[in-house]
Amino acid sequence: MAIRRYQYEKFCSGNGSEREVAMSSAHMLIRFARFNVLDLPRAPPYHADKMEIEMTITTPFVRPDVALFLQFLNAVPGPKFWEVSADEARAMTSAMRDVADAPVGELAVIRDIEIPGPAGNIPARVYDSRSDRGAGPVMVFYHGGGFVIGSLYTYEPYCAEVARLLDLPVISIDYRLSPEHPFPAPAEDCEAATRWIASSPTELGLEVTGLITSGDSAGGNLTIVTTMALRDKPAAVPVLVQFPLYPVVTLDADWPSMHEFANGFLLTEEAMVYFGEGHAASPGDYRSEPLNFSQEGMPPSLVTTASLDPLRDQGLAYVEKLKQAGVYVQHISADGNIHGHINIRQAIPSVQTDIEGYIRALKIMLAEVTPAA
């Protein structure tokens with residue numbers, strides 16, 4: 001271990017710009033984290049339905065592979081993404097995909113399209129496990145990243161995996177990012193793109209019968225507010241299920257989980273301030289604080305949270321808000337896991353089980369709301 005540590009420090013202390021050092025740190029972090037995860041004693045895979053949750057107020061349960069990932073993440077020298085420009089932060093995030101996430105894998109269709117939007121064309125990417133697809137639902141996916149980072153590229157492994165597991169097309173939306181395009185530009189793009197997809201345009205090449213809106217973190221917010229917009233002014237086809245993963249639903253930062261996990265668990269207090277300043281959301285607007293607005297009439301909802309996530313408690317509050325509004329909702333907690341985990345399946349192998357569990361639950365929910373063929 002001492003030799004590995006020396007090599008790690010030597011690698012990261014070389015000459016070069018701050019950006020080069022940061023990028024090198026990202027690569028080395030996951031390289032060493034992955035090596036040690038694979039060195040773990042062989043143990044049965046993590047199963048949320050069988051795991052005893054061992055959590056106290058002072059010592060939360062952390063999965064072994066998550067603990068190793070955090071150990072190295074928190075030891076990385078050099079600037080963090082919230083200490084550099086948005087362009088540099090995006091480059092760092094793209095580099096992390098190459099080493100932290102699983103490969104994209106085989107898929108029949110990975111195709112780029114452009115969608116008319118309120119400020120020009122919106123890039124999007126279609127994923128499908130079948131090259132010949134009949135009429136049916138599609139998932140519209142809005143990536144996370146605090147409205148500032150994230151892209152089609154960084155979420156490609158996850159979208160491809162969902163397309164395989166769900167056996168439905170997944171369309172990832174590359175909405176405009178802040179701070180260049182602050183609030184409400186991302187929400188405007190996502191609503192426009194979703195309405196276009198619902199109309200089954202010729203350019204899409206799919207006959208869409210219903211929508212599954214989904215996204216993580218900031219994309220979880222975009223999932224909810226897009227679904228609210230389509231509830232109030234329906235698109236050509238209905239939203240069958242909304243599926244936000246560890247969503248942002250309020251500007252209020254005074255939650256127990258925000259204090260308990262503010263540092264050391266990937267999404268930090270500094271990162272949230274960075275994202276908030278860049279996005280510049282307006283208080284009192286449903287697109288920034290959907291938790292404070294009526295959820296009556298929303299479609300069946302599958303909501304996930306992570307037990308070590310600063311956003312955990314606001315996600316749980318959103319689940320309760322849906323229940324109080326009479327909406328059919330299922331909640332899944334990724335116990336012992338962190339924010340942003342759907343992007344780090346290589347660094348945290350147990351995430352694969354989380355994703356498979358989410359998609360199983362989603363398929364059951366869809367079967368309940370979709371007429372049998």
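## Backbone features in four loop residues

Ala-280 is partly exposed, because its relative accessible area of 43% falls between the 20% limit for buried and the 50% limit for exposed. The model described here is predicted.

### Positive phi angles

Ala-280 has a phi near 55 degrees, a positive value in a residue other than glycine. Along the chain, Ala-280 sits in the loop that runs between helix 9 (269–279) and strand 7 (301–306).

Ser-200 is also a residue other than glycine with a positive phi, here near 50 degrees. Its loop lies between helix 6 and strand 5 (208–216). Ser-200 has a relative accessibility of 26% and therefore counts as partly exposed.

| Residue | Phi | Relative accessible area |
|---|---|---|
| Ser-200 | Ser-200: near 50 degrees | Ser-200: 26% |
| Ala-280 | Ala-280: near 55 degrees | Ala-280: 43% |

### Cis peptide bonds

Which form does the peptide bond from Ser-178 to Pro-179 take, cis or trans? That bond is cis, and its omega is near 5 degrees. Pro-179 belongs to the loop between strand 4 (170–173) and helix 6 (185–198).

The peptide bond that joins Phe-183 to Pro-184 is cis as well, with omega near 5 degrees. Where is Pro-184 placed? Pro-184 is found in the loop between strand 4 and helix 6, and Pro-179 lies in the loop between these two elements too.

Helix 6 thus borders loops on either side: Pro-184 is in the loop between strand 4 and helix 6, and Ser-200 is in the loop between helix 6 and strand 5.

Methods. Residues numbered from 1 in each chain as written. Predicted model: local features only at pLDDT ≥ 70, side-chain atom pairs only at ≥ 80, totals over all residues. Heavy atoms only, no water. Helix = DSSP H or I, 4+ residues; strand = E, 2+ residues; numbered from the N terminus. Buried < 20%, exposed > 50% of the residue type's maximum accessible area, 1.4 Å probe, protein only.
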